[in-house]
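Me: Could you walk me through this structure, please? I would like to begin with the overall picture and then turn to some single residues.

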Amino acid sequence: RLLVKYERWEDILDPDCPLLQWDDGHATDGLLRAYAESRALLGLGKLDEAQQKMKELDLRIAVLTAPVTLPGKLSSWFGGKKKQATKRKDKEEASDDDAYLKNQLMKMVEIKKKELRGRLTFAQGDHEQGVELLQEAAELQADSWHNDPPRDPVFLYNTLGEMYLEMDQPEEAVTAFESTLETVINDGFALSGLVVAHHQLDQPEEAKAAMARLNAVWRDADEDNPWLQRARATGVTAAAKPNTHKLITERSYQEHVLDRLGTSVWEPPVAPSLQAQNVKGEWVSLDDYAGQNVLLIFYLGGECVHCMEQMRAANELVDEFEDRNTVVLAVSKDSVATNRDYQNGDFKVTLLSDPAFENARRFHSYDDFEEIELHSTVLVDSAGRVHWSQHGGEPFMDFDFLLAEIERLNQRL
């Protein structure tokens, strides 16, 4: 939703974009992806490709609106709760719930189809028909709009306003942007459009009022925000002043405020210190593997049958991990001598001894209340940060996930 809202078209179309984790096997995800990519292609002016993607969207809509039980993800998308039909009353309630979700789905589908057709028609040069379709979509959307968070990335009256500006009809643009502000009171996109429209109409006081509200609403916005830059390019200036008769207190996004709560953008934490002995009695640390990823497995020792299954599975994949610039280290309470017996020529995982659980405690792989060690799998990236970890009562066995995650990690670093 955010990528569409801020027109990050290249990111949306990038199949390797780390911000997107589409599940194409899920009908709802497939529909939303086809919609987002249609918007991106339209935004880039690739109209022929956009038409093809819209045909794909129509096919996905046909699948999703078929007379079958709605998927659970759709239920969460619309805020509904699926009920287990066990008694007659439960069956009636579940049927009502399905009917509600189906109705919401059909509304969403109708809005998105009209929106995309309107955008495409307008881009093809038929402005009158494009505006008509967008007007219909905007009215439907406004009737079913939900805030906090909204389901849709864009309030379509803003789109309508932008179309009117492109058609040199600033009076109609003012009406459209003000329609947005009736529902989304502090919408910066609408306020930016109002500054431009009033400026074009030679209405300096109205333009200043809109700029004052915009400066209040987006007081912490990035300077390169294109909608903010567009409003400022008109030359209209005004001190920040919120809309006092409909004042909504906005949270502060200033860095000096947020930094007290933590970093503004999450980053993997630096890995704790590792100091454990290998089968030769040599001390091993993460610094020894600088520039490499480290897959660190804490297990319960050689007497744990499940742990040995995990060790065998990891050992079979050592070469694949090495191909991905990753070393596999396994840490347990077993002594150096015990590990030496396990570390034969066929066993490639590096075994490390941690008899006092000092390393296990640092890596949250020890329960101090129960005074027992835990199963933990920790992925440390080549910069020495904990990229991913899992702790619990069972060994982690999904090595396919780890291999895929390491590939994704390597692409980002």
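**Overall picture and selected residues**

Me: Where should we start with the contacts? Of those between residues at least 6 apart in sequence, what share joins residues at least 24 apart?

Reply: In this predicted model, 60% of those contacts in the protein join residues at least 24 apart in sequence.

Me: And how many helices and strands are there?

Reply: The protein has 18 helices and nine strands.

Me: How much of the protein is buried?

Reply: The protein has 413 residues, and 45% of them count as buried.

Me: What about the exposed surface, and what share of it comes from carbon and sulfur atoms?

Reply: The protein exposes about 22600 Å², and carbon and sulfur atoms supply 49% of that area.

Me: Changing topic: where is Asn 225?

Reply: Asn 225 lies in the loop between α11 (204-217) and α12 (226-232).

Me: Is Asn 225 buried or exposed?

Reply: Asn 225 counts as buried because its relative accessibility is 11%, and the cut-off for buried is under 20%.

Me: What does its side chain reach?

Reply: The side chain of Asn 225 reaches the backbone nitrogen of Trp 227 at 2.9 Å.

Me: Now the cysteines. How many disulfides are there?

Reply: The count comes to zero disulfides. A disulfide is a covalent bond between the sulfur atoms of two cysteines.

Me: Why do Cys 17 and Cys 304 count as buried?

Reply: Cys 17 counts as buried because its relative accessibility is 5%. Cys 304 has a relative accessibility of 12%, so Cys 304 also counts as buried.

Conventions
Residues are numbered from 1 along each chain as its sequence is written. This is a predicted model: local features need pLDDT of at least 70, side-chain atom pairs count only at pLDDT 80 or more; totals for chains, interfaces and linings use all residues. Side-chain values use heavy atoms; hydrogens and water are left out. Helices (H or I, at least four residues) and strands (E, at least two) are DSSP runs, numbered from the N terminus. Buried means under 20% relative accessible area, exposed over 50%, partly exposed in between (1.4 Å probe, protein chains only). Contact means heavy atoms within 4.5 Å. Accessible areas come from the Shrake-Rupley method with a 1.4 Å probe; for residues, only the protein chains shown count as cover. A polar contact is a pair of N or O atoms within 3.5 Å; within protein, one must be able to donate a hydrogen and the other to accept it, and residues adjacent in sequence count only if both atoms are side-chain atoms. A disulfide is a pair of cysteine sulfur atoms within 2.5 Å.
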